[in-house]
Amino acid sequence: MHYQAINLNEKLSTFNDLWSPKVIAEINDYQFKLIKIAGDFMWHGHQGTDKVFIVLEGEMFIAFRDGQVKISKGEMFIVPGGADHKPFAEKECHIMLVEPRGVINTGGTEFE
């Protein structure tokens, strides 16, 4: 077997598009996705599943109907399943998402 670490900076350097998650690994039924964000995303929710945001570079915010959270480099936050939220970043921010396979970034589930 060949063992090799996944270099997150190398993976991030392969794309420039914003708000378009790229799957870099899977474990059991969960996917690890890298994404670059800037500006505002839409309000949405993920019924029945939590979603983890890990900030690798920069800072981001997640607005909720009753407040917001700031997540800085080296921090993570878990959005509870079903919570309406709107991610945004004032400047480009690089994050890792951890979520079940099949979850789409606008809420709901994608079926193949």
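**Exercise 1. Which side chain does aspartate 29 meet in a salt bridge, and at what distance from N to O?**

Solution. This structure is a predicted model, and the values below are computed from it. The first step is to find the partner, and here the side chain of aspartate 29 meets the side chain of arginine 101 in a salt bridge, at 3.4 Å from N to O. The next step is to place the two residues along the chain: aspartate 29 sits in the loop between β1 and β2, while arginine 101 belongs to the segment after β7, so that the pair links distant parts of the chain, 72 residues apart. Turning to exposure, arginine 101 has a relative accessibility of 38% and therefore counts as partly exposed, since that class lies between 20% and 50%.

**Exercise 2. Work out which elements make up the protein chain, and in what order they run.**

Solution. Begin with the count, which comes to 1 helix and 7 strands for the protein chain. Then read the elements from the N terminus on, where the order is α-β-β-β-β-β-β-β.

**Exercise 3. Describe how strand β2 pairs with β1 and with β7.**

Solution. Start with strand β1, residues 22-27, which runs antiparallel to β2 and is joined to it by 5 bridges. One of the residue pairs in this arrangement is alanine 25 with phenylalanine 32, its bridge partner in β2. The hairpin of β1 and β2 has 2 residues between the strands, and in this hairpin asparagine 28 takes a positive phi near 50°. Continue with strand β7, residues 85-100, which also runs antiparallel to β2 and is joined to it by 10 bridges. Here tyrosine 30 has proline 100 as its bridge partner in β7.

**Exercise 4. Is lysine 33 buried or exposed, and what does its side chain contact?**

Solution. First locate the residue, which lies in strand β2, residues 30-40. Next compare its relative accessible area with the cut-off: the value for lysine 33 is 7%, and because buried means under 20%, lysine 33 is buried. Then look at its surroundings, leaving aside residues up to four places away in sequence; lysine 33 touches several residues, among them Pro21, Val23, Ile95, Leu97 and Val103. Glu99 is also on the list of residues touched, and the side chain of glutamate 99 makes a polar contact of 2.6 Å with the side chain of lysine 33.

**Exercise 5. Explain why the salt bridge of glutamate 57 and lysine 73 ties together parts of the chain that are 16 residues apart in sequence.**

Solution. Start from the distance, for the closest N and O atoms of glutamate 57 and lysine 73 are 3.4 Å apart. Glutamate 57 lies in strand β3, residues 51-57, and lysine 73 lies in the loop between β5 and β6, so the pair ties together parts that are 16 residues apart in sequence. As for exposure, glutamate 57 is partly exposed at 40% relative accessibility, whereas lysine 73, with a relative accessible area of 53%, is exposed.

**Exercise 6. Find how the radius of gyration of the protein chain agrees with that of a compact globule.**

Solution. For 112 residues a compact globule would have a radius of gyration near 13 Å, and the protein chain has 14 Å, which agrees. The C-alpha atoms fill a box of roughly 50 × 30 × 20 Å along the principal axes. Lastly, buried residues make up 39% of the 112 residues.

Technical notes. Residues are numbered from 1 along each chain as its sequence is written. This is a predicted model: local features need pLDDT of at least 70, side-chain atom pairs count only at pLDDT 80 or more; totals for chains, interfaces and linings use all residues. Side-chain values use heavy atoms; hydrogens and water are left out. Helices (H or I, at least four residues) and strands (E, at least two) are DSSP runs, numbered from the N terminus. Buried means under 20% relative accessible area, exposed over 50%, partly exposed in between (1.4 Å probe, protein chains only). A polar contact is a pair of N or O atoms within 3.5 Å; within protein, one must be able to donate a hydrogen and the other to accept it, and residues adjacent in sequence count only if both atoms are side-chain atoms. Contact means heavy atoms within 4.5 Å. Two strands pair if DSSP finds at least two bridges between them. A salt bridge is a side-chain nitrogen of Lys or Arg within 4 Å of a carboxyl oxygen of Asp or Glu. The radius of gyration is taken over C-alpha atoms; the globule rule is 2.2 Å times the number of residues to the power 0.38.
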